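Biologist: Before we start, could you show me the model and then let me quiz you on the words you use for it?

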Amino acid sequence: ATGVISVARDLDLSSVGYYIITVRVTDSGTPPLTATATARVSLTLSDSSQPKFSQREYQAEVMENSATGRYVTSVSALSRSALVYDITAGNHERRFAINR
């Protein structure tokens, strides 16, 4: 009488925000009759999930004579709570800064 949609594999909010699924139903009549419907499944972060960057790696190129304060690139992450950004490695001489 009903079709239950369930999760078959791990979901990853950083790669897709929602899925649009087309569902078909077929009866056992002669001839069989069918109908379709669309289901939009939106993903949200769970309360227990860690922040997720929108990309695994970011790349940028900047000229060596760039002025202090020059834009290099932007990084972004998803979370259910407020985020604070820090540079945690590779900035030994503090040549880069990030707005927290």
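Biologist: Where along the chain is Val16 found?

Modeller: Val16 is in the segment before strand 1 (18-26); strands here are DSSP runs of E with at least two residues, helices are runs of H or I with at least four, and both are numbered from the N terminus. A word on the ground rules: this is a predicted model, in which local features need pLDDT of at least 70, side-chain atom pairs count only at pLDDT 80 or more, and totals for chains, interfaces and linings use all residues. Residues are numbered from 1 along each chain as its sequence is written, and side-chain values use heavy atoms, with hydrogens and water left out.

Biologist: Why is Val16 called partly exposed?

Modeller: Its relative accessibility is 25%. Buried means under 20% relative accessible area and exposed means over 50%, with partly exposed in between (1.4 Å probe, protein chains only), so Val16 counts as partly exposed. The C-alpha atoms of Val16 and Leu43 are 8.0 Å apart, with their positions 27 residues apart along the chain.

Biologist: And what makes Thr34 exposed?

Modeller: Thr34, found in strand 2 (residues 34-42), has 52% relative accessibility, so it counts as exposed. Its C-alpha atom is separated by 56 Å from that of Thr88, 54 residues away along the chain.

Biologist: What makes Phe53 and Tyr58 an edge-to-face pair?

Modeller: Rings of Phe, Tyr and Trp (its six-membered ring) pair if their centres lie within 6.5 Å; planes under 30 degrees apart are stacked, over 60 edge-to-face, and the rest tilted. A search of the whole structure finds two such pairs. Phe53 and Tyr58 are 6.2 Å centre to centre with 70° between the planes, hence edge-to-face. Phe53 is partly exposed at 44%, and Tyr58 is partly exposed at 24%.

Biologist: Why is the pair of Phe53 and Tyr85 called tilted?

Modeller: Their planes are 55° apart and their centres 6.5 Å apart, so the angle falls into the remaining class, tilted. This pair links distant parts of the chain, as Phe53 is in strand 3 (residues 52-53) and Tyr85 in the segment after strand 4 (77-78), 32 residues apart. Tyr85 has 18% relative accessibility, so it counts as buried. Ring pairs link Phe53, Tyr58 and Tyr85 into a cluster.

Biologist: How do you know that Arg95 and Glu93 meet in a salt bridge?

Modeller: Side chains of opposite charge can pair when their charged atoms come close. The term needs a side-chain nitrogen of Lys or Arg within 4 Å of a carboxyl oxygen of Asp or Glu. Arg95 and Glu93 have an N to O distance of 2.5 Å, so they qualify. The structure holds one salt bridge. Arg95 is exposed at 66%, and Glu93 is exposed at 57%.

Biologist: What makes the second largest space a pocket, and which residues line it?

Modeller: On a 1 Å grid over the protein atoms alone, a pocket is an open set of points with protein on both sides within 12 Å along at least five of seven lines, whereas in a cavity a 1.4 Å probe fits but cannot get out; lining residues have an atom within 4 Å of a point. The second largest pocket is lined by Ile5, Ser6, Val7, Ala8, Arg9, Asp10, Leu11, Tyr19, Ile21, Val41 and Leu43.
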